Amino acid sequence: MRIPPILSLTVLLCVFLFVADAQGMTSASFGEFDRRAKAGERLDVVFFGASLTWGSNATDPQLTSYRAKVARRLQDAYPQAHFAFHDASIGGTNSQLAVFRLDRDVLRHKPDLVFLDFSANDDINTADTEKLAAYESLLWRIIEEGRAPVVQMIFPFGWDVKSADFDRMKRRAAHLSLSKAYGTAVGDAISLAVQRVKAGEMTVEQIWPFDLVHPGDVGYQLFADVAWAAFQDAVRRDVVCKTPKEMVHGETYRTQSRVRISTLGELPKGWRNESPNLTSAYFDMLMSRWLEDEVVASNRVEIQTAEEEKRFSPQQVDRLKVSFRGNMVLLFGEGTTKSVRYRAYIDGKLVKRMRPGAKEPMCEFDSASISARANGNTHHVAVIAENLAADRDHTLEIEPLFSPELEEQELRLESICVAGGDAEVFPFPSNDSPILND
């Protein structure tokens, strides 16, 4: 007997829903999160962002940051639920690096709810296409692949509240538009802070008592208030996050690869494998939390003398050479007080960058740009190139720049990150098969 087409589709849909339920697949629904939490299920909540998510300048980031306060409210609202809260925040980073952290630091936890930061660190007053595309890809993948509802957090710096110039905040407007396109919840802390300051309920100085970047406990309470209100509103309205038919800001970051350099083959002369340092200037920049390993280029090699003393001898360091395919390429690693500057070459040409107001282009990257100021170990992130042709292979060469001093100097990198097109990084060529530039 033939099954009518409509009945066939119904049967297939029922089978799909049965299989999805059996595999624990869920939709990105705030209402479903609420139901499961009330039923006492185990739920994973990820706070994904930068220093404002970590809680820099909070008296105790594990207790008085916005994420800690929101976590406590979830526990109080759903006493039967079994929550696991995951901190996925690295200070001083933006959505471009977040693209390459998403799998390791967010999706592997199989989140049931994600609070997403980066509006401030992407620069609230600009709306460049590159970072908007990167940020949008986070929404797309969290909702489409992670099937988790998202609360977009729009955090201010102190000067944003002082100016209260919403027309200037192009990224805020862009992120609110993305919220409409993806059906997310939004915690707009800029609006709430401006409202409370204008009403005389608090001052900018009370919110940011130490510096105008990181608030104190009063400010993090405000952030938590707006996050919780956004979550409750989304639950009440039974909001379901969905991806649109087409991405608003382009698909460059829909395809991405973060490839550990240690997996590419035999390292060039002067490079070695190591583990990330176990100390750092700031806990959110403790790179043993965020990196699997590192490759280290050093101008000195440790030797053991006959008297069993450790000494460092000068050594030659070759360029790190690799080929890749994609629209953009980024390096992720660790900065230390011994870190050096380096040059990067794309397709054999020196990478040059113009900074706003500068008369001459910058021809070097500084892997100690943060660690030198912090006087301790931190992350190192560098966008090497964007807007590359994605339909051809490119070469990347990294040349550490060591000074002639006797002290040990180093460059520490974990991964080469590529987005767009096929987003591939290829293994090192063998010695008899050198990389050739087109």
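Colleague: Happy to look at this predicted model with you. At which residues does UniProt place the feature "domain: SGNH hydrolase-type esterase"?

Modeller: Glad to help! The feature comes from an unreviewed UniProt entry. Over that stretch the chain is 49% helix and 14% strand, with the end C-alpha atoms 16 Å apart. The record puts the feature at residues 47-222.

Colleague: Thanks! Where does the largest nonpolar core lie with respect to domain 1 and domain 2?

Modeller: This core has 87 residues, and Phe 30, Phe 48, Tyr 66, Leu 74 and Phe 115 have the most contacts inside it. Helix α12, residues 217-236, gives the most to it, with eleven residues. Domain 1 (30-237) and domain 2 (256-425) both contribute residues, so the core lies between them.

Colleague: And how many residues are in the second, separate core?

Modeller: Among its members are Ala 344, Ala 385, Val 418 and Val 425. The size of this second core is 30 residues.

Colleague: Now the backbone. Is Lys 110 buried or exposed?

Modeller: Lys 110 has a positive phi of about 50 degrees, although it is not a glycine. Its place is the loop between α6 (95-105) and β3 (113-116). Exposed means over 50% relative accessible area. Lys 110 has 67% relative accessibility, so it counts as exposed.

Colleague: What about Asn 57: which accessibility class does it count as?

Modeller: Asn 57 is another non-glycine residue with a positive phi, here about 80 degrees. It sits in the loop between α3 (51-54) and α4 (61-64). A value between 20% and 50% falls in the middle class. With 30% relative accessibility, Asn 57 therefore counts as partly exposed.

Colleague: On to the aromatic rings. What kind of pair do Tyr 342 and Phe 365 form?

Modeller: Tyr 342 is in strand β13 (residues 341-346) and Phe 365 in strand β15 (residues 365-366), 23 residues apart. Tyr 342 is buried at 0% relative accessibility, and Phe 365 is buried too, at 3%. The ring centres are 5.5 Å apart. Planes under 30 degrees apart count as stacked, and these are at 15 degrees, so the pair is stacked.

Colleague: Lovely. Last one: which residue lies over the face of Phe 365?

Modeller: There are two arginines to consider here. The charged end of Arg 319 sits over the ring of Tyr 345, 4.1 Å from its centre. Over the face of Phe 365, at 3.9 Å from the ring centre, lies Arg 353.

Methods: Residues numbered from 1 in each chain as written. Predicted model: local features only at pLDDT ≥ 70, side-chain atom pairs only at ≥ 80, totals over all residues. Heavy atoms only, no water. UniProt positions renumbered as here; feature names shortened; annotations may be inferred. Helix = DSSP H or I, 4+ residues; strand = E, 2+ residues; numbered from the N terminus. Core = buried A, V, L, I, M, F, W, Y, C linked by side-chain atoms within 4.5 Å. Buried < 20%, exposed > 50% of the residue type's maximum accessible area, 1.4 Å probe, protein only. Domains from an automatic or database assignment. Phe/Tyr/Trp six-rings, centres within 6.5 Å; stacked < 30°, edge-to-face > 60°. Lys NZ or Arg CZ within 6 Å of the ring centre and 35° of its normal.
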